[in-house]
Amino acid sequence: MSLLPNQIELLAPAKNADIGIEAVNHGADAVYIGGPGFGARASAGNSVADIARLVQHAHRFNSRIFVTLNTILRDDELEGARQMAWDVYNAGADALIVQDMGILELDMPPIQLHASTQTDIRTPEKARFLQDVGFSQIVLARELTIEQIAEIRAATDVNKCAIEFFIHGALCVAYSGQCFISHAHTGRSANRGDCSQACRLPYNVMDDQGRFVAHQKHVLSMKDNDQSANLEALINAGVRSFKIEGRYKEMAYVKNITAHYRKLLDEIIDRRESGTDAHLPPLHRTSSGRTSFYFDPDPNRNFNRGTTDYFVNGRQEDIGAFDTPKHAGIELGFATQVQDDHLDIETTQELNNGDAITWFDLQGELRGCKVNIAKLVQAGKKGQVSKWRVYPNEDMSTLIDLRRGALISRNRDMTWDRLLAKKSSERKMGVWVYLSDTETGFELKIADEEGNEGVASVDVKHQLAKNPDQQIEQLQDKLGRLGDTDYQALELSIQLSQVWFVPASVVNDLRRQAIEQLEKNRAANYERPARAQASTPLAVYPEDSLTYLANVFNQKAHDFYAKHGVKVIEAAYESHEELGEASLMITKHCVRFSLSLCPKQAKGVKGVQGTVKAEPLVLINGNEKLTLRFDCKPCEMHVVGKMKKTVLKQQAQEMAMSEVPMQFFKTKPNTSTSTNSPVSSSSN
């Protein structure tokens with residue numbers, strides 16, 4: 001079963017189990033994490049033992065753990081992927097996030113499957129197909145608008161398949177699964193978790209006549225995603241799982257951003273549950289408990305390139321981080337003087353030794369340094385400007401264009417870092433506590449919000465309390481002492497036929513035993529989400545032919561598409577069949593639009609109409625050269641280039657050294673061949 005239609009899931013990333021545990025502690029309903037291999041973040045893998053440790057903690061709160069298995073696989077990797085799936089299933093994982101359709105043809109455990117954003121889900125037809133072949137949750141393309149998301153929701157079954165959407169973090173400029181620049185230039189495949197991030201490089205942009213359009217700009221680098229203002233609109237469009245990007249991110253990022261969205265989603269859920277918005281259906285969390293925070297979440301405190309809500313509300317003017325792909329930080333104020341060994345800054349904020357400051361040089365490049373010593377020179381009144389003297393940890397003469405009047409920002413705040421390094425949240429589940437007497441002693445029952453119970457009893461002789469009022473007060477105090485547990489008492493009920501004296505040791509033992517029993521029952525009653533069954537008759541894929549853009553890299557993936565009605569199936573780009581010019585990236589971002597050179601922008605402007613055309617542009621970075629072509633009907637841009645000969649040579653060397661020959665598609669299937677016949681492959 002997928003998420004229920006009225007459930008809202010906050011899905012947080014984890015680079016490792018410790019970060020995943022803190023994501024749960026900070027309110028995550030689910031956590032996604034890399035397994036031992038085959039994840040789309042190659043260096044963010046985790047052992048099965050660590051996944052089991054994370055699962056045990058998460059399931060205490062009914063939070064779920066999703067493991068990424070979202071790279072495309074060679075034929076010789078399929079067995080390893082199958083075994084890993086069974087290993088993480090046996091460790092207790094709740095779902096696998098999948099890109100390669102060949103996985104559906106393997107002997108897989110009965111674990112729920114989620115379609116990765118790498119499957120490039122942009123249309124209702126594609127979404128419906130993935131639902132019908134057995135995916136219980138699908139991650140839509142980040143480029144979709146509210147209206148497009150609603151169309152996909154309308155085309156799918158809300159009771160079978162939940163919609164997941166990225167709400168925060170770094171943005172890939174390409175449609176996910178549709179970028180091959182890294183592989184073409186370096187042999188490192190983004191579809192196999194090893195992107196070289198060519199999109200973050202600076203480029204010269206030239207027109208078809210060799211004229212400069214932009215100089216050393218990061219024209220393929222996007223600002224970071226932030227959907228804080230759009231959460232309820234996304235809910236109303238049908239999104240139920242709200243995903244935070246960041247499996248490479250550190251602990252402080254995950255704590256802060258998870259807390260930020262936990263608070264925002266709770267405000268919406270609480271308002272809906274309270275009936276304040278009576279015309280809207282109520283919403284519920286998917287996991288247990290409420291989280292208290294010991295800090296005020298602030299997304300601006302973490303690494304970001306500026307923020308955008310991308311295309312959710314239609315095409316926007318300012319979505320690119322063209323000046324720098326780095327984190328400039330939060331503005332402090334202006335440098336009032338720069339001397340041989342220090343600079344002075346006027347700011348309303350407090351500075352610390354160990355902070356890091358930034359500024360832009362005269363060419364627009366971001367510069368920075370670490371603060372060795374920060375001294376308060378002149379204190380202003382509360383909330384007003386103070387003067388700080390900063391001694392950098394580098395020679396002032398090496399700090400390019402650090403000058404009087406420069407705007408200074410801070411991208412590392414030691415006070416904030418120390419705050420997030422400590423315990424910064426507490427997650428508690430509400431329980432009802434009932435103490436009653438029995439014929440032979442006392443019984444304590446503790447019941448949680450899901451109906452689980454823990455019961456403990458003790459045989460002890462009844463004795464009337466000498467001071468009844470004091471005894472009741474003491475009992476309430478001792479029964480409510482749940483501080484070292486994951487629970488907090490919502491209500492204490494003392495149901496005694498007489499006010500008996502109950503020794504403190506008896507109360508403590510009853511409370512401990514009842515909590516232990518409650519924990520056991522919660523664990524026993526936890527239900528992992530079930531694997532969805534494919535529909536019958538078999539769903540038919542929306543297209544009858546697939547190009548290299550479908551990322552078919554193994555025989556099982558070919559077999560999957562063939563049995564679902566696809567007649568022509570080309571091999572993945574990583575198979576090295578597309579050796580000439582090819583679209584190495586397809587993106588909704590348009591460089592012409594961002595540089596105010598879009599024909600649609602010019603349309604209707606007097607004196608301009610018809611003079612601005614979607615002619616190709618060229619990107620140049622050192623010896624790298626890419627062509628930008630513009631498809632104005634769907635409003636998309638193609639980044640076109642060739643695979644380097646060094647990449648072909650590198651692959652040949654790797655295959656020669658491999659103990660297990662790597663299987664690739666060598667030739668495209670003959671279109672006259674039966675769809676059930678195998679694609680020719682070779683270890684060449």
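## Helices and strands

Helices and strands are runs assigned by DSSP, a helix having at least four residues and a strand at least two, and they are numbered from the N terminus. In this predicted model, the protein chain contains 15 helices and 32 strands.

## Overall dimensions

The protein chain has 684 residues and a radius of gyration of 29 Å, which agrees with the value near 26 Å for a compact globule. Its C-alpha trace spans about 100 × 80 × 55 Å along the principal axes. Of the contacts with a separation of 6 or more, 70% are between residues 24 or more positions apart.

Buried residues account for 53% of the 684 residues. The accessible surface of the protein chain is about 30,300 Å², and carbon and sulfur atoms supply 48% of that surface. The side chains include 79 positive and 88 negative ones, and the centres of these two sets are 4 Å apart.

## Cysteines

A disulfide is a covalent bond between the sulfur atoms of two cysteines. For this model the count of disulfides is zero. Cysteine 172 is in no disulfide, and the nearest cysteine sulfur, that of cysteine 199, is 6.6 Å away. The cut-off for a disulfide is a pair of cysteine sulfur atoms within 2.5 Å, so the pair formed by cysteine 172 and cysteine 199 does not count as one.

Two of the cysteines can be described by their accessibility. Cysteine 161 is buried, with a relative accessible area of 0%. Cysteine 172 has 36% relative accessibility and counts as partly exposed, because partly exposed covers the range between under 20% and over 50%.

## Backbone exceptions

Most residues other than glycine have a negative phi, and most peptide bonds are trans. The peptide bond from threonine 536 to proline 537 is cis, with omega near -5°. Proline 537 is in the loop between helix 11 (504–525) and strand 25 (545–546).

Asparagine 62 has a positive phi, near 60°, although asparagine 62 is not a glycine. This asparagine is in the loop between helix 2 (48–60) and strand 3 (64–69). Histidine 576 is also not a glycine and has a positive phi of about 65°. The loop that holds histidine 576 runs between strand 26 (568–569) and strand 27 (582–587). Histidine 576 is buried, with a relative accessible area of 8%.

## Strand 3 and isoleucine 65

Isoleucine 65 is part of strand 3. At 0% relative accessibility, this residue counts as buried, because buried means under 20%.

Leaving out residues up to four places away in sequence, isoleucine 65 touches Val31, Ile33, Leu54, Val55, Ala58, Ala93, Asp94 and Ala95. Tyrosine 32 is 33 residues from isoleucine 65 along the chain, and the C-alpha atoms of these two residues are separated by 5.9 Å.

## Helix 4

Helix 4 covers residues 124–132, and its buried residues are Lys126, Ala127, Phe129, Leu130, Gln131 and Asp132. An α-helix has 3.6 residues a turn, so residues three or four places apart point the same way.

What do the buried residues of helix 4 pack against? Their partners are strand 5 (112–115), strand 6 (137–139), helix 5 (146–155) and helix 12 (555–563). Just after helix 4, glycine 134 has a positive phi of about 120°.

## Threonine 186 in helix 6

Threonine 186 is in helix 6, which covers residues 181–186. Threonine 186 is partly exposed, with a relative accessible area of 31%. Apart from residues up to four places away in sequence, threonine 186 touches Ser196, Val647 and Gln650.

Methionine 429 is 243 residues from threonine 186 along the chain. The C-alpha atoms of threonine 186 and methionine 429 are separated by 50 Å.

## Histidine 260 in helix 8

Helix 8 covers residues 251–274 and includes histidine 260. Is histidine 260 buried or exposed? Histidine 260 counts as buried, at 13% relative accessibility.

Not counting neighbours within four places in sequence, histidine 260 is in contact with Ser228, Pro297 and Pro299. Alanine 532 is 272 residues from histidine 260 along the chain, and the C-alpha atoms of the two residues are separated by 32 Å.

Terms used
Residues numbered from 1 in each chain as written. Heavy atoms only, no water. Buried < 20%, exposed > 50% of the residue type's maximum accessible area, 1.4 Å probe, protein only. Rg over C-alpha atoms; globule rule 2.2 N^0.38 Å. Contact = heavy atoms within 4.5 Å. Areas by Shrake-Rupley, 256 points an atom, 1.4 Å probe, with all protein chains shown as cover. Lys, Arg positive; Asp, Glu negative; His and termini not counted. Charge placed at Lys NZ, Arg CZ, Asp CG, Glu CD.
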